[in-house]
Amino acid sequence: MGLILKAVGAYVLYVISQAIYNILFHPLAKFPGPKAWSTSRIPYLFTLVTGQNSFRIKALHDEYGPVVRVAPNELHINDPRAWDDIYLRKDSEIRPPQWGMRPPGIESYNVISGVGPDHARFRKALGMAFSEEAVKEYEPTVRSYFNKFTTRIDDLIAKNKGSAVVDMVKWSNFTTFDVIGELAWSKSYDCLDTGAGHAIMGVLSHFQGVIIAAAITYYPWINNALMAITPRSAFEDLKMIFNDGHERLQNRIKNGPSGHPDVLGHLAEYNKQNPNAKITDDEIEQNVFSCLVAGSECLTTAFSGALHYLLVYPSKLQRAQEEVRAAFSSEANINATDAAKLEYLNAVIEESLRLCPPLPDMLRRQLPSDAPTTIAGRVIPPATVVSVSCYSMFRSASHFSSPDTFAPERFLKDADESAKWSPDSPLNHNDMAAFKPWGVGPRECPAQPLARLEMRLFLAILLYRYDFKVAEGNYLTKWTSQQVFETWQKDPLNVEFSPAATSSGTATPVAAP
Ligand code: HEM
């Protein structure tokens with residue numbers, strides 16, 4: 001008993017002395033931030049595991065300014081210059097060790113967990129798979145799944161005599177998951193056919209689990225204790241998805257692509273061209289998984305975010321519909337190249353990415369430990385963890401006027417000059433150097449061409465083919481009342497679709513954003 005008391009006493013003493021050191025003597029002591037957050041990492045981790053971190057970090061920037069100490073060794077920076085200063089440095093792909101984990105039992109790295117030469121090798125291969133030229137060849141495959149989606153909606157409309165109510169979070173996820181499965185290993189997950197999610201989606205969408213896993217990794221003794229008492233069966237679901245991926249890869253190798261170019265074809269081509277830096281089959285599996293997670297979830301947020309804000313602002317919805325309907329003589333003529341020329345549609349996409357960035361806050365980086373680094377004009381001590389939060393940056397009143405207002409007009413080249421004079425106008429000031437929804441540098445999203453193609457095509461088809469509104473008896477959740485676990489935990493978005501009418505009436509806003 002005496003020994004236990006002594007151990008507890010020694011631990012309490014250690015925690016107190018650590019707290020005093022962190023506040024008074026730590027190299028980050030001079031940086032502003034709440035005392036509790038500077039003393040220990042617990043407040044930061046608490047907001048992470050409760051899904052509130054993005055909102056708290058934004059509130060801290062509003063209170064303390066562009067540089068905030070959010071944990072004993074971590075700073076968040078809300079200055080557009082930080083994009084290049086943090087993410088274009090040499091070794092800027094290095095994350096803090098707690099955030100580069102591989103799942104239990106997996107030896108191979110992928111593009112998300114890998115660093116150095118591994119990361120460079122994976123990026124080069126994925127660069128081939130997601131180049132503009134490669135993505136152009138994926139368009140017919142993507143289109144066939146979007147057509148499958150509209151056929152499902154049309155069936156529902158016919159059954160319900162004129163309109164169909166669809167949860168667009170769920171159905172966007174079915175669509176993006178089927179598309180990426182088909183593009184990756186020539187085998188979709190058949191969600192649009194079955195009207196149900198595939199088992200793999202449940203496991204992959206557990207971002208809350210990832211956050212908690214990373215959070216406890218900061219306290220190795222908790223991590224080790226939990227690992228020791230977790231039954232092996234708890235990892236069965238994870239084993240199931242890796243077995244499923246393994247089978248898909250083997251089938252694809254045996255049978256070849258299913259009549260269209262796919263990501264695996266490009267990875268095989270990469271291996272042929274780079275015999276001394278090949279990607280092994282295990283690494284291919286892991287990299288395809290990283291695309292499944294990143295690809296389906298980010299695009300589901302992008303689709304749902306755009307639809308959400310168009311529903312909140314019917315006058316913007318009407319303008320987007322008019323543009324798309326005037327640009328194409330028939331739905332069959334809609335294609336990604338021409339959709340890329342639609343100014344307003346593209347402005348809607350950019351503005352939705354500003355308000356609903358698919359990755360609001362996961363861009364942490366570890367600075368080198370051998371010398372200080374200058375970021376946004378400030379000298380930052382060695383080994384500090386630094387991060388830009390897309391959510392804080394894109395919703396900051398310093399960078400965007402009326403930052404919470406959905407105003408695609410910010411992104412138009414020929415915006416109304418007279419509207420710029422009012423300080424409340426969304427056109428008053430917009431610092432586009434702050435807006436980097438795809439990230440910057442060696443970890444910048446490798447699949448932008450595919451993501452842009454899918455966003456343009458999907459939205460153009462929906463806007464052309466349907467009129468839509470918030471379903472009767474439903475309401476829109478305030479976007480920012482949703483939790484964030486790496487990505488948004490999206491509430492159902494029940495949209496009522498009906499065939500496009502030839503003329504649309506005048507429109508007024510329906511809800512707060
Ligand atoms: C609107 C859609 C998307 C957005 C806004 C987006 C955004 C981002 C951002 C900000 C990063 C950088 C993370 C970092 O710096 O740590 C990233 C990385 C990544 N994205 Fe995307 N993404 C989108 C869609 C996709 C799609 C469709 C795929 C795959 C099919 C994809 C695959 C990846 C991968 C594999 C990485 C990791 C790259 C690395 O660590 O080197 N993303 N994405």
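**Briefing: Cys 445 and the H13–H15 helix pair**

Apart from neighbours within four places in sequence, Cys 445 is in contact with two residues, Arg 123 and Trp 438. The structure is a predicted model. This briefing first treats the surroundings of Cys 445 and then turns to a pair of packed helices, H13 and H15.

**Cys 445 and the iron atom**

- Cys 445 lies in the loop that runs between helix H19 (390–394) and helix H20 (448–465).
- The relative accessibility of Cys 445 is 30%, so this residue counts as partly exposed, a class that lies between under 20% for buried and over 50% for exposed.
- The SG atom of Cys 445 is the single donor that the protein offers to the iron atom of the ligand, at 2.4 Å.
- In an unreviewed entry, UniProt assigns the feature "binding site" to Cys 445.

**Packing of helices H13 and H15**

- Helix H13 covers residues 236–255 and helix H15 covers residues 281–312; their axes are 10 Å apart and form an angle of about 115 degrees.
- H13 and H15 are therefore roughly perpendicular to each other, the range for that description being 65 to 115 degrees.
- The crossing in which H13 passes H15 is right-handed.
- On the H13 side, the residues that meet H15 are Ile 241, Phe 242, Gly 245, His 246, Leu 249, Gln 250 and Ile 253.
- On the H15 side, the residues that meet H13 are Asp 281, Ile 284, Glu 285, Gln 286 and Phe 289.

How values were computed. Residues numbered from 1 in each chain as written. Predicted model: local features only at pLDDT ≥ 70, side-chain atom pairs only at ≥ 80, totals over all residues. Heavy atoms only, no water. UniProt positions renumbered as here; feature names shortened; annotations may be inferred. Helix = DSSP H or I, 4+ residues; strand = E, 2+ residues; numbered from the N terminus. Buried < 20%, exposed > 50% of the residue type's maximum accessible area, 1.4 Å probe, protein only. Contact = heavy atoms within 4.5 Å. Donors = N, O, S within 2.8 Å, 3.2 Å for Na, K, Ca; no water. Axes fitted to C-alpha atoms, helices over the stretch in contact; angles between N-to-C directions. Parallel < 35°, antiparallel > 145°, perpendicular 65-115°, else oblique. Left-handed = near helix turned anticlockwise from the far one by under 90°.
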